[in-house]
There are 2 protein chains.
Amino acid sequence: HSEKLLEPNLTLASSAVVRERGRSWGGLLSGIISLNILILGCALVSASAFNNSIIGSAELQIFLIILILLTTIWMLYYAIYMSVKDQAVTYKDGHAGPIWLRGGLVLFGLLSLIMDIFKIASYVGYLHCDSAVKVAFPVIQAVFILVQTYFLWIHAKDCAQLQRNITRCGLMLTLGTNLVIWMTLVTEESLHQTTIPEYPNKTKIYDKVPDNELNTANDKCKCSHSSCSMFKDAYYYLYPFNIEYSLFASAMAYVMWKNVGRKADEHHHHSVKFRVKDVFLGPIAGILLVIAGLATFIVYEVEVLKDDDDDDRLDRALMMHFVMNVVIVTLMSVSTMVGCVIHRLDQREYVSEKNPTRNLDVGLLIGASMGQFIISYFSIVATAAAGGKGYLNGLNLAWGVLTVIQLGLQNFFIIEGLHREPFHEEHPITVFTNPYVLEASRELSSLEGSDMDTKPSPVLTTHTLSHRPKLTWKRRVLKEVCAFLLLANIILWIMPAFGARPQFDHDVEIKFYKFSVWAAVVNIGLPFGIFYRMHSVASLFEVFVTS
Amino acid sequence: HSEKLLEPNLTLASSAVVRERGRSWGGLLSGIISLNILILGCALVSASAFNNSIIGSAELQIFLIILILLTTIWMLYYAIYMSVKDQAVTYKDGHAGPIWLRGGLVLFGLLSLIMDIFKIASYVGYLHCDSAVKVAFPVIQAVFILVQTYFLWIHAKDCAQLQRNITRCGLMLTLGTNLVIWMTLVTEESLHQTTIPEYPNKTKIYDKVPDNELNTANDKCKCSHSSCSMFKDAYYYLYPFNIEYSLFASAMAYVMWKNVGRKADEHHHHSVKFRVKDVFLGPIAGILLVIAGLATFIVYEVEVLKDDDDDDRLDRALMMHFVMNVVIVTLMSVSTMVGCVIHRLDQREYVSEKNPTRNLDVGLLIGASMGQFIISYFSIVATAAAGGKGYLNGLNLAWGVLTVIQLGLQNFFIIEGLHREPFHEEHPITVFTNPYVLEASRELSSLEGSDMDTKPSPVLTTHTLSHRPKLTWKRRVLKEVCAFLLLANIILWIMPAFGARPQFDHDVEIKFYKFSVWAAVVNIGLPFGIFYRMHSVASLFEVFVTS
């Protein structure tokens with residue numbers, strides 16, 4: 001009779017095995033697929049960059065078109081499948097795809113679409129003497145951007161439960177495609193800057209451009225309409241936005257992949273309101289900084305874009321930009337240090353439960369900060385080797401060192417802040433809201449043999465109090481620091497995002513490394529740096545709200 | 001009276017908070033430290049590689065010396081502290097620092113020491129006209145290798161519990177130092193190959209070496225003793241072993257860092273014996289393959305190292321080497337596929353408990369396989385672009401494609417194998433050893449209100465049976481496949497580890513990419529590939545034992 005009793009248990013066990021097996025197979029297979037796409041893409045990009053046109057960009061574009069078509073088909077399939085099966089996605093991850101990420105995706109997607117239109121208009125002029133793939137590619141890319149933006153906007157929060165293996169593979173395909181596009185764009189941008197210098201004082205240094213890096217096919221082929229070069233200038237100006245778009249899409253695809261099959265617990269939305277009244281000094285100082293930064297940024301851009309060869313004027317503009325940046329970064333470092341000290345003094349508990357979304361968030365933050373770190377360290381080494389001669393070198397060196405310090409401190413501050421429990425206002429009175437105590441008392445009662453299923457829900461009701469007491473000085477200072485840092489990160493985001501490239505206007509690094517090396521470092525690092533500033537703003541907002 | 005009751009619970013809670021806080025601070029700080037070391041090292045290495053000797057290798061070596069001294073001091077401090085405090089390490093991770101890793105460390109450490117001795121002997125001849133740092137560096141490095149090898153041999157399994165933050169920072173310092181040394185070595189090796197070609201048929205392609213990549217300082221400075229060039233040749237031959245040593249040390253430091261503060265559960269050592277009797281076909285085929293591989297490898301090396309310029313002879317040697325590799329990889333792919341099918345048919349359960357050491361192991365395996373993947377894909381693109389003209393190109397292409405397939409399949413097979421429960425011999429009789437059933441019945445009893453603390457220990461006694469039944473055909477085939485793959489991986493390890501570089505003897509890739517790009521790809525990828533083969537052997541042995 002014991003065998004009969006076991007039967008339902010066995011089915012239960014075997015379904016668990018099937019679930020586990022599915023997870024292992026799908027995750028592994030999708031990982032291997034994306035690995036292969038990435039490395040093959042890397043090889044093709046290197047071939048098109050370093051090779052004397054045996055493999056031109058056309059072959060790379062055919063590979064990209066295949067990838068894009070496959071990804072688009074899968075995304076459409078997923079969207080349709082999900083809309084047909086009403087209860088397909090029951091779990092949503094509230095933290096995934098936050099509004100800044102989706103908003104940024106749409107913004108950069110729009111600018112990428114404009115870039116594609118300019119590209120099409122420009123390449124149509126070459127149709128009579130160049131490959132048709134060059135026109136086909138931007139058309140297909142435009143469709144891809146539309147579909148992908150829609151897909152990620154709607155489904156970014158999904159924790160897919162059905163067809164998990166196919167979904168995993170599809171998401172890894174999406175990730176791989178976006179990263180290969182990113183590699184291609186970064187390489188094209190760097191080659192373009194190397195062959196056709198667009199910054200006024202670069203021509204002085206590199207008059208002679210190596211011939212083998214010029215796209216020899218295009219030189220013989222003349223454009224058939226007159227506005228060709230205008231479109232070309234325009235679309236190269238929009239390249240950085242497309243690079244940013246690929247990074248955003250990659251990050252979102254990765255988060256979705258991590259969430260496949262996850263049974264996300266319903267996040268009890270904190271009813272914490274964003275009250276500006278609580279803070280005063282931080283926002284005021286921050287807004288003043290943003291205004292000052294914007295003013296110097298505009299003056300700097302205007303001076304740099306002027307076409308005459310007045311070196312003194314350029315140096316003055318650069319000095320102003322450097323001084324402004326040094327001031328911003330110094331103020332940020334000091335206030336972050338204050339924030340860290342407050343965190344140290346603070347008695348708040350660390351969040352004890354594991355939270356995969358938060359870990360992912362922290363990983364993305366640190367990973368993105370690597371970009372700025374790399375640029376700063378390369379800059380430090382170059383300026384230090386130049387011996388700090390001249391005030392521009394000194395300022396550049398100071399900027400590099402201070403940026404490294406600021407990045408380290410800010411990472412530390414944000415991660416510490418995200419790992420703290422929200423403030424409990426009524427701390428001395430409602431001592432039972434301390435989760436550790438709750439747990440301990442639960443353990444006590446379980447020892448007495450009580451039923452585990454009737455345990456009290458751990459949702460704490462600390463934020464439902466209607467009267468708000470005055471903030472303690474620690475909370476107040478933390479909030480001021482967060483608000484100031486948030487605004488400072490916004491201005492540090494605006495400057496590179498809208499075209500400031502002091503890295504190419506100042507020639508120490510270009511002379512020290514070769515131009516192509518320095519262009520590669522900046523073109524890889526800066527988009528991550530821009531992503532990092534946006535991510536920091538969002539994280540600081542979260543720290544502001546919970547502290 | 002309720003406050004009195006809560007007091008012990010509060011102390012309990014606050015100690016938990018302290019523990020959590022310590023973990024967060026230490027982990028974060030150590031991560032930021034190693035990040036900074038790495039990026040600064042990367043900038044310095046790039047500067048010394050791409051720069052026209054404003055920053056020579058001397059500055060980089062001073063940075064390395066500082067890093068090495070700090071690391072050495074910390075390692076000595078840790079070793080002494082641990083020997084003084086007897087009960088400092090109570091937990092050991094049985095899976096960390098397996099014998100193949102420690103054995104490899106000692107082997108490569110010895111060869112690195114010999115390299116350092118040759119280096120010292122060679123640089124002493126330049127002392128009268130070159131920087132003394134160049135002699136100081138190998139001396140310090142030799143001491144470092146001795147201390148580090150001792151440290152890792154003794155402490156690789158530690159799960160440090162005391163001074164966790166200092167230990168974390170120290171281990172990250174160790175990791176950073178080893179990776180910076182690795183970067184330096186790879187760069188030096190690539191530059192050396194670019195400037196002084198040591199492969200017979202490379203000179204044909206690159207007669208003119210770019211001047212700015214020559215170490216101009218050394219050209220004016222003549223060596224004062226006659227055996228200088230001999231030592232130089234010898235130490236460059238030993239470079240790959242030092243690169244391998246850095247990778248091994250990095251992997252072990254990373255595993256130790258992950259284990260800091262971990263309360264490892266005592267691993268109940270499986271009493272499974274390694275019985276060769278069970279298998280027959282796999283080992284025989286494997287040994288035949290190893291012998292054939294060794295024979296062709298020796299012939300190939302002898303032919304390549306001959307100094308005359310007979311192209312036909314070289315091509316014949318290359319063809320033999322390619323054919324041998326294609327045969328090996330094809331046989332491996334087929335047998336791996338058989339193994340995967342068996343896994344698919346198999347009814348064994350997946351291991352349900354989370355095991356951080358295994359996850360780390362799998363991560364290292366996949367990460368290391370990237371190296372071989374990158375080389376193969378770059379080779380595929382180059383040979384495919386050349387159109388497969390000539391039998392050598394065709395063989396090279398086939399080798400690349402088959403290697404990619406083999407790597408993917410082998411990763412899949414090993415990971416699947418590691419995630420399975422060991423075979424339970426007495427399956428039909430002792431049905432209760434199925435852990436899922438056990439759990440289900442436990443759940444049943446818990447519903448009846450029984451005490452959770454008296455649950456039966458989940459240790460299963462399946463391996464204590466004294467009589468061994470005949471193996472099922474599935475187990476038999478799995479074991480044969482594992483044994484064959486294990487031996488095949490050994491021969492694929494031997495060839496590159498002991499100097500086979502068909503990547504430089506065949507000129508398609510060198511012509512397609514520039515030589516410096518291809519040298520960088522091979523010099524970065526190949527050491528990871530060698531590491532991967534050793535790791536695979538160890539993992540396959542584990543799969544062999546548990547299946």
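**Close-up views of the predicted model**

**View 1. Asp507(A) and its partner Lys511(A).** Asp507(A) is classed as partly exposed, with a relative accessibility of 22%. In this predicted model, Asp507(A) makes a salt bridge to Lys511(A), and 3.7 Å separates the closest N and O atoms. Lys511(A) counts as exposed, at 58% relative accessibility.

**View 2. A salt bridge between helices α9 and α10 of chain A.** Arg313(A) pairs with Glu303(A), with 3.2 Å between the closest N and O atoms. Arg313(A) belongs to helix α10 (residues 311–345) and Glu303(A) to helix α9 (residues 281–305), so the salt bridge ties together parts ten residues apart in sequence. Arg313(A) is buried, at 10% relative accessibility, and Glu303(A) is buried too, with a relative accessible area of 17%.

**View 3. A salt bridge within helix α14 of chain A.** The closest N and O atoms of Glu480(A) and Arg476(A) are 3.1 Å apart. Both residues lie in helix α14 (residues 473–497), four residues apart, or about one turn of the helix. Glu480(A) is buried, with a relative accessible area of 12%, whereas Arg476(A) is partly exposed at 34%. The count over all chains is seven salt bridges.

**View 4. Ile328(A) in the largest nonpolar core.** This core has 287 residues. Ile328(A) is among the residues with the most contacts inside the core, as are Tyr513 and Trp518 of chains A and B. Apart from its neighbours within four places in sequence, Ile328(A) is in contact with Leu289(A), Ala488(A), Ile491(A), Leu492(A) and Met495(A).

Technical notes: Residues numbered from 1 in each chain as written. Chains lettered and ligands numbered in written order. Predicted model: local features only at pLDDT ≥ 70, side-chain atom pairs only at ≥ 80, totals over all residues. Heavy atoms only, no water. Core = buried A, V, L, I, M, F, W, Y, C linked by side-chain atoms within 4.5 Å. Buried < 20%, exposed > 50% of the residue type's maximum accessible area, 1.4 Å probe, protein only. Contact = heavy atoms within 4.5 Å. Salt bridge = Lys/Arg side-chain N within 4 Å of Asp/Glu carboxyl O. Helix = DSSP H or I, 4+ residues; strand = E, 2+ residues; numbered from the N terminus.
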